[in-house]
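Welcome! Have a look at the structure below, and then let us walk through a few of its features together.

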Amino acid sequence: MTYTDEEICTHFGEDPQIYNGAISPPIYQTSLFAFRNFKEFIDAQKLERENYVYSRGVNPTVNILEKKLAALEKGEKCKCFSSGGMGAISAVFFTLLNSGDHVVLINNIYGPTTQLINYLSKFNITYSFVDHHLTDIHEVIKDNTKLIYVESPGTMLMKVVDLQAITQLAKTKGIITAIDNTWSTPIFQKPLTLGFDLSIHSLTKYIGGHSDVIGGAVVGNHALVDEIFEYGYQLNGAVLGAHDAFLINRGLRTLPLRLKQHQKNALKVIDYLSSKQEIANIYHPSLVKEDYPFLEKQMKGYSGLLSFELRNAHFESVSRFIDALSLFEIGVSWGGGYESLVTAPVKDDNEEQLIENGISPGLIRLSIGLEGAELQINDLEQAFHQIK
Ligand code: PLP
């Protein structure tokens, strides 16, 4: 039976009759589950990943969310994590990588993910980078390459890569593929259908959608997700709590609707930014769809995270622009919530390093929220006036 994304986000995996007719599934705020007799308890413990024994294993509220995310990604199974996307990413690395393994990182990867893989060098795990053109991918793959890890669109410059080209190559070499799919969510991109083994999310962003919860998820086939459950999940212990799962599940119900609005607002803001002399470049996948024919197959839509470069800008001018904004809140995360946010990678001491990494000191990142394009554009316009 196939379900639409909207059906999955709303009703899939729920049955009010089991919860005394409650239309909103109860929050199973419990650390453990009690049994009628010792034999039942022992039998349940033999397969903790399928039975409710202890909430560091499975919990019914978290389980509803996991079923929905697996169905949205068209994967077999999902595990959710607390401490967010990083909990999920570190569980994948910790479980799948052994001493001596090599990882290929493709595109502009979220900073802490890169820091984590770098930290794993103490366990003799090495890595190489490939940019979004994939030109040197053959050169960096080694006999000991175990994992190809991708972000598309990538952090900061939102560059896209041909996902199917990567999985086709990886399959010929028996390499596991994982992607951070946070930018698109499974509503706009379903990497497992393009051959990826694992799709990872920071649920903290669009899926939670209200900037009130931190969570992460990994979706894939039974064998891989079960292995991650046994080690990176249960033993590392970054377990999503029932109340957080409830909040994320509530966010998920309106995800398709919210994404449509994020997209609509973002496209209008981009249109406005394109007319500004003060801007050198704008980065958003919608602007490169003609350059990359694979995008039509790969992405069904575009979320609201974009960046642009202020012309000839440095730390001071970027600071002045950001401080001049009033609707856009200044914050670390891209949000993916209802609110518009602004941030920039430049600091008072890192301009040279940014340039070395191919990022302009004038880069500013906007998370376009749900307030409406008119308000967002008005705020940007008055900020441009102030810095003139
Ligand atoms: N992946 C991406 C692309 C992110 O932007 C973030 C956080 O900003 C993460 C993963 C980490 O997620 P979390 O903050 O939920 O641990």
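Are F93 and Y149 buried or exposed? Both F93 and Y149 are buried. Please keep in mind throughout that this is a predicted model.

## Aromatic pairs

Let us stay with those two rings for a moment. The ring centres of F93 and Y149 are 5.4 Å apart and the planes meet at 70°, so the pair counts as edge-to-face, the cut-off being over 60 degrees. This pair ties together distant parts of the chain: F93 belongs to helix α4 and Y149 to strand β4 (residues 145-151), with the two positions 56 residues apart in numbering.

The model holds 11 aromatic pairs in total. One of them joins Y3 and F12, again edge-to-face, with 4.9 Å from centre to centre and 75° between the planes. Y3 is partly exposed, at a relative accessible area of 33%. Elsewhere, ring pairs connect F35, F38 and F41 into a cluster.

## Strands β4 and β5

Strand β4, which carries Y149, runs parallel to β5, and 5 bridges join the two. For V150, the bridge partner in β5 is I179.

How many residues of strand β5 (residues 176-180) are buried? The count is 5 of 5, so the strand is mostly covered by the cut-off of under 20% relative accessible area. I176, A178 and D180 point one way from β5, while T177 and I179 point the other way, and residues on both sides are buried.

## Around the ligand

Now for the ligand, which has 14 residues around it. G85, D180, S202, T204 and K205 come nearest. D180 is a familiar name here, being one of the buried residues of β5. Helix α4 (residues 84-96) supplies the largest share of the shell, with 4 residues; this is also the helix that holds F93. By type, the shell comprises 4 nonpolar, 7 polar and 3 charged residues.

Which atoms lie close to the ligand's oxygen atoms? At G85, a backbone N or O atom is 2.8 Å from a ligand oxygen atom. The side chain of S202 has an N or O atom 2.8 Å from an oxygen atom of the ligand, and for the side chain of Y110 the corresponding distance is 3.4 Å. Taken alone, the ligand exposes 390 Å², and the protein buries 89% of that area.

Note on methods. Residues are numbered from 1 along each chain as its sequence is written. This is a predicted model: local features need pLDDT of at least 70, side-chain atom pairs count only at pLDDT 80 or more; totals for chains, interfaces and linings use all residues. Side-chain values use heavy atoms; hydrogens and water are left out. A residue is near a molecule or strand if one of its heavy atoms lies within 4 Å of it. A polar contact is a pair of N or O atoms within 3.5 Å; within protein, one must be able to donate a hydrogen and the other to accept it, and residues adjacent in sequence count only if both atoms are side-chain atoms. Accessible areas come from the Shrake-Rupley method with a 1.4 Å probe; for residues, only the protein chains shown count as cover. Ala, Val, Leu, Ile, Met, Phe, Trp, Tyr, Cys and Pro count as nonpolar, Asp, Glu, Lys and Arg as charged, and the others, Gly among them, as polar. Rings of Phe, Tyr and Trp (its six-membered ring) pair if their centres lie within 6.5 Å; planes under 30 degrees apart count as stacked, over 60 as edge-to-face and the rest as tilted. Buried means under 20% relative accessible area, exposed over 50%, partly exposed in between (1.4 Å probe, protein chains only). Two strands pair if DSSP finds at least two bridges between them.
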